[in-house]
4 protein chains.
Amino acid sequence: MTTNRLEAFSDGVLAIAATLLVLDLHVPNVHPGMSLAHELGREWPNFAAYAISFATIGIIWINHHAMIRRLREVDHTILTLNLGLLLSIGLLPFTTAAMAAYLNRTQGQHLAAAIYSGSFLLMSIMFAATQRHILFPKAHLLAASLTEQDRRAILRRGVTGLVPYLVATALAIVSAYATLAVCGAVAVFYALPRTTADTAPTRHE
Amino acid sequence: MTTNRLEAFSDGVLAIAATLLVLDLHVPNVHPGMSLAHELGREWPNFAAYAISFATIGIIWINHHAMIRRLREVDHTILTLNLGLLLSIGLLPFTTAAMAAYLNRTQGQHLAAAIYSGSFLLMSIMFAATQRHILFPKAHLLAASLTEQDRRAILRRGVTGLVPYLVATALAIVSAYATLAVCGAVAVFYALPRTTADTAPTRHE
Amino acid sequence: MTTNRLEAFSDGVLAIAATLLVLDLHVPNVHPGMSLAHELGREWPNFAAYAISFATIGIIWINHHAMIRRLREVDHTILTLNLGLLLSIGLLPFTTAAMAAYLNRTQGQHLAAAIYSGSFLLMSIMFAATQRHILFPKAHLLAASLTEQDRRAILRRGVTGLVPYLVATALAIVSAYATLAVCGAVAVFYALPRTTADTAPTRHE
Amino acid sequence: MTTNRLEAFSDGVLAIAATLLVLDLHVPNVHPGMSLAHELGREWPNFAAYAISFATIGIIWINHHAMIRRLREVDHTILTLNLGLLLSIGLLPFTTAAMAAYLNRTQGQHLAAAIYSGSFLLMSIMFAATQRHILFPKAHLLAASLTEQDRRAILRRGVTGLVPYLVATALAIVSAYATLAVCGAVAVFYALPRTTADTAPTRHE
């Protein structure tokens with residue numbers, strides 16, 4: 001299989017998962033004496049979770065492209081790991097809906113937050129596992145030769161990307177809002193302008 | 001990242017957002033003594049909002065392609081701005097559903113209309129911001145050299161495209177129907193045959 | 001705009017519309033004393049409408065590709081007509097759901113059938129209009145030179161494709177089942193093996 | 001039609017069907033005195049069916065690419081058979097939802113399981129039929145010449161792929177859990193690392 005096909009299918013799943021997130025935004029049914037503005041305001045967890053998940057999928061898309069671009073050809077293990085990565089991304093509309101539904105509730109709040117950042121963590125683990133397989137056991141599949149040092153540096157940045165989601169998932173025990181804040185901060189951090197591409201910690205690996 | 005990948009992912013989100021709009025059209029459940037024709041007729045705001053949103057996504061797709069086609073390569077800021085643009089487009093099935101649900105209600109009508117045209121306005125702002133970044137701070141990323149005058153003219157047309165949505169959003173205070181009419185008029189205006197591409201005010205920027 | 005971009009976006013809308021049709025298939029909720037087999041059997045209009053709509057979208061996809069392949073470049077009118085075509089295809093999950101919901105009802109049956117085949121008719125009209133614009137007013141956009149006679153023959157086959165849907169829509173007054181049968185027959189007819197591509201009435205135009 | 005277009009459209013349907021599976025995962029509504037963890041745990045059939053269906057679509061995508069890659073050009077019968085294959089894949093979000101909804105019920109359990117593995121069986125039959133047409137009646141469409149022996153071996157592997165789903169469907173009479181286990185085992189089997197591509201029973205045909 002060519003890397004083009006792998007990218008096209010992956011792009012499809014990423015674009016669809018991102019766009020399906022909108023189904024978690026509900027038009028409230030306002031009865032006399034209620035205010036649409038107030039009801040929409042109460043849905044702020046839905047809007048926050050939508051924006052954070054959309055941005056996170058966007059970031060993984062950028063990183064995914066950088067990872068696949070390094071490949072000369074694709075083997076069975078890469079295909080399998082990549083499918084695992086896509087499966088975890090396909091879950092995001094569900095975990096985002098869970099976070100949005102439970103953030104402001106007194107019950108289930110902590111578990112929903114753990115599921116939310118846990119799905120980002122799972123996605124990051126699958127990403128790092130795919131990257132590790134590409135860079136080390138199957139380095140001969142790489143398009144350009146990279147030194148051992150380069151490859152270690154790329155993988156280290158990929159693994160570093162797990163840490164915020166690990167922290168966010170652990171924080172779910174304390175506060176679901178803290179979990180949401182950390183996940184949002186990661187997205188904002190990636191969106192910040194960068195001086196040089198090389199100093200970026202995990203972007204473009 | 002190549003412009004091809006950027007276009008493929010953007011096309012995916014645009015095509016999915018446009019096609020998901022159909023989920024806002026509901027098959028009415030008609031009970032004895034009711035007429036299906038009558039019930040469907042009452043859903044005209046859904047059909048109008050569907051057609052206008054679909055056409056608007058189509059127009060942004062045409063303009064998006066013209067914008068990206070000018071690029072030689074893509075930098076981090078373009079990726080981020082483009083993700084912001086896609087995030088705003090991904091909201092359209094929600095804002096369209098809100099408009100359709102509230103257009104004929106006495107309560108919430110004005111806010112729903114403001115949200116509807118406001119989402120088009122947000123989309124246009126993200127578009128103009130992406131275009132400004134491409135044409136000015138990062139002009140060296142352009143595929144062909146454009147004179148300062150050309151670039152100013154392209155950006156001016158992009159910014160001009162904001163105006164109708166700004167008007168439509170302001171009109172929401174007065175009448176939700178006026179907002180819908182202005183958004184619809186923009187779509188019809190773009191669909192009109194043109195004598196030459198260059199005289200087009202905002203098409204192909 | 002290149003024909004590649006036009007095809008990619010159109011393919012996206014077609015593939016999504018076809019796949020969204022599955023949302024019209026509902027898993028029935030069976031209570032004690034009811035049979036799942038019986039309840040699924042009662043949903044046969046949903047399965048029939050799913051299969052016919054999916055096949056019809058597949059056929060329009062094949063024909064769409066043949067039409068676009070003849071183009072050397074794309075102008076504003078082609079883009080607009082193509083968007084109109086995609087808008088009509090985007091409606092199919094809704095019109096299919098309407099047909100499935102009302103086929104076995106005593107009320108609304110005829111209107112739902114007219115809407116169903118009417119959406120296929122609208123799609124065919126948009127297709128023929130796009131084709132006419134490509135073949136005649138803008139023949140210089142064609143990739144290869146076709147004789148006037150060839151172009152007339154292609155257009156005639158495209159217009160001929162309207163006829164069954166016109167008949168099916170007219171039959172809706174008499175019987176919704178007849179409408180469904182005609183729409184299904186068109187799909188089966190296209191799927192039949194062909195001796196030579198040239199004798200095909202409307203396939204590949 | 002080029003094989004590229006065929007692949008692009010097929011990839012679209014496959015990616016969308018896989019991503020729509022997430023709509024079968026429901027965020028439970030937990031009332032006071034209930035536990036979110038407990039309610040999510042009760043939804044395990046949904047998660048299991050999601051994972052197995054996603055993986056199965058991924059496997060068919062890999063095999064589909066290997067099949068189409070062998071083609072030099074596409075004829076009408078291939079297009080028709082491929083549309084039949086896509087139609088069967090488009091059903092999977094529905095059959096997956098049926099399996100998830102009925103696995104733990106006392107009524108309808110066996111039928112739902114038969115529908116689930118039956119949809120995989122239908123997909124495999126459509127796949128083998130497409131492959132048979134490519135390899136035998138239309139061997140001149142192949143990109144590279146394959147000996148009669150090679151072609152028989154490829155087809156045999158494709159047909160062998162039917163067997164587990166046939167077994168799973170038969171087992172539905174006995175136990176829906178057994179059906180789910182067999183379908184899951186097929187997915188796990190494909191995901192296992194392989195020593196050489198050629199010894200793979202059905203992968204890459």
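**Helix packing and chain contacts in a predicted four-chain model**

Visitor: How many of the 11 residues of helix α5 (residues 92–102) of chain C are buried?
Guide: The model is a predicted one. A residue counts as buried if 20 or more other C-beta atoms lie within 10 Å of its own. The buried set of α5(C) includes C:L92, C:F94, C:M99 and C:Y102. Helix α5 of chain C is mostly covered, and the number of its residues that are buried is 11 of 11.

Visitor: Which helix of chain B is included in what covers the buried residues of α5(C)?
Guide: Within chain C, the cover includes α1 (3–20), α3 (44–69), α4 (76–90) and α6 (109–135). Chain B also takes part in the cover, through its helix α2 (36–42).

Visitor: Which residue of chain B does C:A112 contact, leaving aside neighbours within four places in sequence?
Guide: In chain C, the partners of C:A112 include C:A98, C:M99, C:A101 and C:Y102, which are also among the buried residues of α5(C). C:L103 and C:A176 are further partners of C:A112. From chain B, the contact of C:A112 is B:L36.

Visitor: Which residues touch the most other members of the largest nonpolar core?
Guide: This core has 286 residues. Its largest share, 15 residues, is supplied by helix α6 (residues 109–135) of chain B. The residues that touch the most other members are A:A112, B:A112, C:A112 and D:A112.

Visitor: Is B:I89 buried or exposed?
Guide: B:I89 lies in helix α4 (residues 76–90) of chain B. Apart from residues up to four places away in sequence, B:I89 touches B:V13, B:L14, B:A17, B:I57, B:I60 and B:M123. Since 20 or more C-beta neighbours within 10 Å are required, its 29 such neighbours place B:I89 in the class buried.

Visitor: How far apart in space, C-alpha to C-alpha, are B:I89 and B:T56?
Guide: In sequence, B:I89 and B:T56 are separated by 33 residues. In space, their C-alpha atoms are separated by 9.9 Å.

Visitor: Is helix α1 of chain B roughly parallel or roughly antiparallel to helix α3 of chain B?
Guide: The axes of α1 (residues 3–20) and α3 (residues 44–69) of chain B come within 10 Å and cross at roughly 175°. Angles over 145 degrees form one class, so α1(B) relative to α3(B) is roughly antiparallel.

Visitor: How many charged residues does the contact of α1(B) with α3(B) have?
Guide: From α1(B), the contact includes B:L6, B:E7 and B:L14, and from α3(B) it includes B:I57, B:W61 and B:H64. By class, 8 residues are nonpolar and 5 polar, and the number of charged residues is 1.

Visitor: Is α3(A) roughly parallel or roughly antiparallel to α6(A)?
Guide: Helices α3 (residues 44–69) and α6 (residues 109–135) of chain A pack at about 5°, with their axes 11 Å apart. An angle under 35 degrees decides the class, so the relation of α3(A) to α6(A) is roughly parallel.

Visitor: How many nonpolar residues does the contact of α3(A) with α6(A) have?
Guide: A:T56, A:I60, A:N63 and A:M67 of α3(A) meet a set in α6(A) that includes A:F120, A:M123 and A:F127. The contact has no charged and 4 polar residues, while its nonpolar residues number 6.

Visitor: Which helix supplies the largest share of the side of chain B that touches chain C?
Guide: This contact takes 28 residues from chain B and 27 from chain C. The residues on the side of chain B divide into 20 nonpolar, 4 polar and 4 charged. Helices α1, α2 and α3 of chain B each supply at least two of them. The largest share, 8 residues, comes from α1(B).

Visitor: How many residues of the side of chain D that touches chain A are nonpolar?
Guide: Chain D places 27 residues in contact with 27 of chain A. Helices α1 (3–20), α2 (36–42) and α3 (44–69) of chain D each give at least two residues to its side. Besides 4 polar and 4 charged residues, the nonpolar ones number 19.

Visitor: What rotation axis relates chain B and chain C?
Guide: A rotation of 90° with 0.0 Å of shift along its axis superposes chain B on chain C, at an RMSD of 0.0 Å. The two copies are therefore related as by a four-fold rotation axis.

Visitor: Do the copies B and C meet through the same or different surfaces?
Guide: Only 11% of the interface residues of chain B are also interface residues in chain C. The copies therefore meet through surfaces that are different.

Visitor: How far apart are the closest C-alpha atoms of chain B and chain D?
Guide: No contact joins chain B and chain D. Their closest C-alpha atoms are separated by 9 Å.

Terms used
Residues are numbered from 1 along each chain as its sequence is written. Chains are lettered from A and ligands numbered from 1 in the order in which they are written. This is a predicted model: local features need pLDDT of at least 70, side-chain atom pairs count only at pLDDT 80 or more; totals for chains, interfaces and linings use all residues. Two residues are in contact if their C-beta atoms, placed from the backbone, lie within 7 Å. Helices (H or I, at least four residues) and strands (E, at least two) are DSSP runs, numbered from the N terminus. Ala, Val, Leu, Ile, Met, Phe, Trp, Tyr, Cys and Pro count as nonpolar, Asp, Glu, Lys and Arg as charged, and the others, Gly among them, as polar. A residue is buried if 20 or more other C-beta atoms lie within 10 Å of its own, exposed if 12 or fewer, and partly exposed in between; C-beta atoms are placed from the backbone. Copies are superposed by least squares on the C-alpha atoms of residues with pLDDT of at least 70 in both. Axes are lines fitted to C-alpha atoms, for helices over the stretch in contact, and angles run from 0 to 180 degrees between N-to-C directions. Angles under 35 degrees count as roughly parallel, over 145 as roughly antiparallel, 65 to 115 as roughly perpendicular and the rest as oblique. A nonpolar core is a set of buried Ala, Val, Leu, Ile, Met, Phe, Trp, Tyr and Cys residues joined through C-beta atoms within 7 Å.
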